[in-house]
Amino acid sequence: MEYVRLGGSGLKVSRICLGMMTFGASESRAWAVDEAAAAPIVRAAVEAGVNFFDTADMYNEGTSEEITGRLLREYFARRDDYVLATKVYNPMGSGPNDRGLSRKHIMDGIDASLRRLGTDFVDLYIIHRWDYETPIEETMEALHDVVRAGKARYIGASSMFAWQFAKAQHVAQLNGWTRFVSMQNHYNLVYREEEREMIPLCLDQGVGVTPWSPLARGLLAGTRDRGGSRHTLRSRTDRYAESLYTDEGDFDIVDAVRAVAGERGVSMAQVALAWLLDRPGVVSPIIGASRETHLTEAIAAAEVTLTDDEKARLEAPYRPHPISGHF
C-alpha cells in the first residue's frame, strides 16, 4: 500500500480510503450490511495496509460510527495506527439545533460522534455540506476550537461551490484559525464538473482531494444498463444514485470503461478507479464496500496504469452536467 500526504498537511493516508457508509442496518439504505458482514471487509482492509477510514454521524442513524469504532479497535493495536474521519451537518434529531454548522451543533456533534466511535479524538472532522443559515465565521471558529480542544487533529470539507470553499479558507486565515486540509467532493468519470474550479483551487491551496462516489454509485462498475436493468440490490434501491446520474450519455462512458476493462482483462471498477487515482490533486478516493471483493478490486486499481490512449478513450464521451451533490 502506498501512503501519501493529505494535501499540504503532514498527515499520511493510504491511497484508498474505506468508506463506512455501507455499515449498519438502516431503513433508508436497504443495501447496508450489518456488523458481522462488515467485519471481514474491515479486517481485509487493515491487512492490505489501508489506514484511512471515513464515516459520518448521519450514516445509518449513527450505527455506522458505532460499528466503525468497534471494528477499528478490534483490528488495530494502537489508535495512532489509523486515520479516522467523520462528519457533521446533517440532521441528527428533530430539533431546530440538531443540524447545520452552528457552534452549538458542531460542539454537540463532535461529542456525540466521539461517544459513538469510542475514541477521544478523530483525525479529520469534515463539514458534510455548506450551511446557508450560519455565518461562516461562526462555523470556522467553532471548528478551530474543536481542534484546539484536541477532539480533532485536522478539518476537512465536502461538496460545495469553489467560492464557498475559498471564502471559508480566507476567513480562517484572516483570523488565525484552523484551515481545511481536504475536500471530499463528487468526482468520477461521469461527473467531472469539479475540474472547472474546485480542483484547481485545491491544487493552488494545497488541499487534498478525496472524492466520494468514485464509481458513480456502481454505474461505472456496470450495475446499471441503458435498458433500465439493475443488477444489484443497491442499484435497485439507491434513490440518491437515480438523482445524481440521469444523463443517457453517461452510458457512453460506461461503454468505454467496459471496453478498456475487457482489453485489459481487469474489472470495470479497476479501470474507473485507476483513471481517478491518476487525476491531479486526488489523494485517496472514498471506496464503499458491501463485499470483500469490492475492496480487493479497489486496492488492485492502484496497480493499474492507463495509457494516454486509454485515458483519452475514457474521457472522450464526457458531456457537461448540471451541478449535483452539493445538497
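In this predicted model, helix α10 is a good place to start, and every position in it tells a similar story: M268, A269, Q270, V271, A272, L273, A274, W275, L276 and L277 are buried. With 10 of the 10 residues in the stretch 268–277 buried, α10 is largely enclosed by the rest of the structure. What does the enclosing? The buried residues of α10 pack against helix α9 (250–264), strand β10 (286–288), helix α11 (292–301) and helix α12 (308–315).

From there we can step across to one of those partners. Helix α9 contains F251, a residue that is buried because its relative accessible area is 8%, under the 20% cut-off. Beyond the neighbours within four places in sequence, F251 is in contact with L219, R224, D225 and R226. F251 also has a C-alpha atom 9.1 Å from that of P317, although the two positions lie 66 residues apart along the chain.

A comparable long-range link can be followed from helix α6 (residues 198–205), where I199 sits. I199 is buried as well, at a relative accessible area of 5%. Setting aside residues up to four places away in sequence, I199 touches N185, Y187, E194, V209 and P280. Right next in sequence to P280 is a further partner to look at: the C-alpha atoms of I199 and G281 are 6.8 Å apart in space, while the two residues are 82 apart in sequence.

Now turn to the aromatic rings. Searching the whole structure gives 5 aromatic pairs. One of them joins F53 and F76, an edge-to-face pair with 5.8 Å from centre to centre and 80° between the planes. F53 belongs to strand β4 (residues 52–54), whereas F76 is in the loop between α2 (63–75) and β5 (83–88), so this pair links distant parts of the chain, 23 residues apart. Both F53 and F76 are buried. Another pair is formed by F165 and F180, and here the ring centres are 5.7 Å apart with the planes at 25°, so the pair is stacked. F165 lies in helix α5 (residues 162–175) and F180 in strand β8 (residues 180–184), so the pair ties together parts that are 15 residues apart in sequence. F165 and F180 are both buried. Returning to F53 and F76, ring pairs link these two residues with Y82 into a cluster.

How many disulfides are there? The count comes to 0. C17 is in no disulfide, and the nearest cysteine sulfur, that of C202, is 16 Å away. With the cut-off for a disulfide set at 2.5 Å between sulfur atoms, that separation rules the pair out, so C202 is likewise in no disulfide. Both cysteines are shielded: C17 is buried, with a relative accessible area of 0%, and C202 counts as buried at 1% relative accessibility.

The empty spaces come next. The structure holds 2 cavities of 30 Å³ or more, and the largest cavity contains about 40 Å³ of space. Its walls are formed by L101, I127, W130, D131, T134, I136 and T139. By class, that lining has 4 nonpolar, 2 polar and 1 charged residues. Among the open spaces, the second largest pocket has a volume of about 200 Å³. Of the 13 residues that line this pocket, Y89, R99, G100, D131 and E133 are the closest to its centre. The pocket lining has 5 nonpolar, 5 polar and 3 charged residues. D131 appears in both places, lining the largest cavity and the second largest pocket.

Y89 deserves a second look for its backbone. Most residues other than glycine have a negative phi. Y89 is not a glycine, yet it has a positive phi of about 150°. It is found in the loop between β5 and α3 (103–117), and at 21% relative accessibility Y89 counts as partly exposed. Where else does a positive phi turn up in a residue other than glycine? R217 has one, near 50°. R217 is found in the loop between β9 (208–209) and α7 (233–237). In contrast to the partly exposed Y89, R217 counts as buried, at 14% relative accessibility.

Methods:
Residues numbered from 1 in each chain as written. Predicted model: local features only at pLDDT ≥ 70, side-chain atom pairs only at ≥ 80, totals over all residues. Heavy atoms only, no water. Buried < 20%, exposed > 50% of the residue type's maximum accessible area, 1.4 Å probe, protein only. Helix = DSSP H or I, 4+ residues; strand = E, 2+ residues; numbered from the N terminus. Contact = heavy atoms within 4.5 Å. 1 Å grid on protein atoms, 1.4 Å probe; cavity = no way out; pocket = protein on both sides within 12 Å on 5 of 7 lines; lining within 4 Å. Points joined across faces, edges and corners; volume = space filled by probe spheres on them. Nonpolar A, V, L, I, M, F, W, Y, C, P; charged D, E, K, R; others polar. Phe/Tyr/Trp six-rings, centres within 6.5 Å; stacked < 30°, edge-to-face > 60°.
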